[in-house]
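User: I would like to learn how to read a structure with protein and DNA in it. Can we go through the features one at a time?

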Protein chains: 2
Amino acid sequence: MNKAEILIIDDEPQIRKLLQINLESNDYKVIQASSGKEGLILSASHPPDLILLDIGLPDKSGHEILHELREWYNKPIIILSVQDNETDIVSALDHGATDYLTKPFRTGELLARIRSAIGRSQNTENSPIVSCGDIEVDLVARTVKRKNEAIKLTSTEYNLLALFAKNEGKVLTHQYLLKEIWGYSYQTETQYLRVFVGTLRKKIEENPNNPQHIITESGVGYRFQ
Amino acid sequence: MNKAEILIIDDEPQIRKLLQINLESNDYKVIQASSGKEGLILSASHPPDLILLDIGLPDKSGHEILHELREWYNKPIIILSVQDNETDIVSALDHGATDYLTKPFRTGELLARIRSAIGRSQNTENSPIVSCGDIEVDLVARTVKRKNEAIKLTSTEYNLLALFAKNEGKVLTHQYLLKEIWGYSYQTETQYLRVFVGTLRKKIEENPNNPQHIITESGVGYRFQ
DNA sequence: GGACATCTTTACGAAATCTTTATATCGCAA
DNA sequence: TTGCGATATAAAGATTTCGTAAAGATGTCC
C-alpha cells in the first residue's frame, strides 16, 4: 500500500512544520506550498490525495484557491483558518470544501478528520478482477467475461467459477468444493460437481471436450488455470 | 422534486424543536426520535438521507448507536454533542461519523455541513447525469429520460432506478436493494422488488418481456446495464 | 371527506435453476 | 482386448424463483 499524499498550502512555516511532523509520523507523505499559486501548480502537476488549505493566504484568498481547485480536483480539501467566522465557514463548505477547522486545532482531531475524508473519497468504483487467460471474473460486479464478452452464468455456476478463480493453479478436492458451494452435508455428492463443471466448461472453454481452464485431476478434484 | 429526509436522534425536546424549525424552513423533511432505540427502529424501517445524532443519550450511548447504525447505514451521520472532548470526536469520526459538531452550534454552519454531507453522499461523481443506452438519469433534478423524452416515475421507482444507475454493470443483491430503498428491516421482502422492477421495466424498457436494461440474476438480484 | 396516486399484499402461471437418473465415455491395468 | 472405476453428458423430473395482475391498504392533496 502506497502512502497517501497530502498537500499543505499555508504561508506560515511554523504551521507547515507542525503539520508535516504530525502527518509524517502518521505515515502520510507530505508536500508543501507556501502560497496559493504554488499550491495550484503543485497540485496540478501531481494531484495529492488530500489538500490542507489555509484560508488566509497572502497572494490569493483561500476562497479563490478553493474555487480554482474545485474546477478539476475532486478529492478532499480541508480548510484551516484562524477565522471562526460563520459566513466564511458556510461559504467554504458550499464551495466544495470537505471540512473546515479553526486554528488552533487539535492535531488528534485533524488527523481523524483527514482519515475520515480520505476513507470516504476512496471510490470503490474499480473492482478487483481476477483474470486468467481469456477469462475475467469480476468479484464485485459478479460478472464473468470471456474474450471481453459477457457470459451468463447461474448463481451456482458463478459461485463455483469464482472459487476456482480465487484459487488459480491449486488443486481443489471434491470434498472442498462441495463443502464451499453446497455446504458441509453435501461432501459426497460428487455427481453435482460433474454436472456443474460440465456446464461451466460449455460456457467458458473454447473446446469443452478438451478443457484448457478447468482441468480434471482424476480421483482428487479439479484445478483451474 | 423530493425533499431530503433527516432523522434527528436527541432526547432534548427543545433541541429537536429548534432543529426541526431550521431544517423544515430549509426544505428538509424531518423525522424525530427521542431515544437511541427509537432512532434505530425508525431508521431501519425507513432509511433517511442523513442522521443527526446526539452523542449524549439516556438509554444507549451515542457511540453504541453510531456503531449499530454503521453496520448497515451508509449515508451521512452527523454527531451533535455538548462534549468538546477530543477523544470523543476522534472516536466518533473513526467509527464512521461523517462530521462532529459541538453544541451550541451555529445553525448556518450546521446547515452548510448538512448540505455538504448530503451532496457528497449523492455520489454524483463528476456528472450529475448517469446515462446508459437510451436511458438518462439526472441525479440532481431526480428526473429520468428515455430517448430524450421525460418519463414519470414514482418516488420509489426513481430511488430504485437511481440506485441501479449508480451501479451500472454490477449485480445488486435483493438484500442490498431492499436495505437501501426500504430499510434494514425489509431485507426479506423480495416480492416488493419483483413488483417495482416490473413497473420500472414497463416504463423504461423497449420491450418489457425482453428487458435490455434491468437484467434479473436469478437467485441473486438484478443488474442494470 | 373524497378523489387520486402510490404502496403493500395475495395468488397463480411461467420460467429458470437444481437435482436425479440413465447412459456413454475415458484411462488404465490385467 | 476386456473389464473396472472414475468421469462426462444428456435429459427428465422436482423445486425454487420470477413476473404479472389485481385487490386491498395507506397516505396525500384539495
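User: At what angle do helix H4 of chain A and helix H5 of chain B pack, and how far apart are their axes?

Analyst: This is a predicted model, in which local features need pLDDT of at least 70 and side-chain atom pairs count only at pLDDT 80 or more, while totals for chains, interfaces and linings use all residues. Residues are numbered from 1 along each chain as its sequence is written, chains are lettered from A and ligands numbered from 1 in the order in which they are written, and side-chain values use heavy atoms, with hydrogens and water left out. Two packed helices are described by the angle between their axes and the distance between the axes. Axes are lines fitted to C-alpha atoms, for helices over the stretch in contact, and angles run from 0 to 180 degrees between N-to-C directions. Helices (H or I, at least four residues) and strands (E, at least two) are DSSP runs, numbered from the N terminus. Here, H4 (residues 86-94) of chain A and H5 (residues 107-121) of chain B pack at about 10°, with axes 9 Å apart. H4(A) and H5(B) are therefore roughly parallel to each other. Angles under 35 degrees count as roughly parallel, over 145 as roughly antiparallel, 65 to 115 as roughly perpendicular and the rest as oblique.

User: Which residues make that contact?

Analyst: Contact means heavy atoms within 4.5 Å. H4(A) contributes residues including Ile89(A) and Leu93(A), and H5(B) contributes residues including Ala112(B) and Arg113(B). By class, the contact of H4(A) with H5(B) has 4 nonpolar, 3 polar and 5 charged residues. Ala, Val, Leu, Ile, Met, Phe, Trp, Tyr, Cys and Pro count as nonpolar, Asp, Glu, Lys and Arg as charged, and the others, Gly among them, as polar.

User: How do the axes of H6 and H8 of chain B cross?

Analyst: The axes of H6 (residues 155-166) and H8 (residues 190-204) of chain B come within 10 Å and cross at roughly 85°. H6(B) and H8(B) are therefore roughly perpendicular to each other. Among the residues in contact are Leu160(B) and Leu161(B) of H6(B), and Phe196(B) and Leu200(B) of H8(B). This contact of H6(B) with H8(B) has 7 nonpolar, 2 polar and 2 charged residues.

User: How many residues surround DNA strand C?

Analyst: A residue is near a strand if one of its heavy atoms lies within 4 Å of it. For DNA strand C there are 16, and the closest are Thr156(A), Tyr192(A), Thr154(B), Thr156(B) and Tyr192(B). Sugar or phosphate holds 80% of the strand C atoms within 4 Å of the protein, and bases hold the rest.

User: Which side chain has an N or O atom 2.3 Å from a phosphate oxygen of DNA strand C?

Analyst: A polar contact is a pair of N or O atoms within 3.5 Å; within protein, one must be able to donate a hydrogen and the other to accept it, and residues adjacent in sequence count only if both atoms are side-chain atoms. The side chain is that of Tyr192(B). Tyr192(A) has a polar side-chain atom 2.5 Å from a phosphate oxygen of strand C.

User: What comes nearest to DNA strand D?

Analyst: Of 23 residues around strand D, the nearest are Thr216(A), Gly219(A), Thr216(B), Gly219(B) and Tyr222(B). A polar backbone atom of Gly219(B) lies 2.6 Å from a phosphate oxygen of strand D. H8(B) gives the largest share of the surface near strand D, 5 residues.
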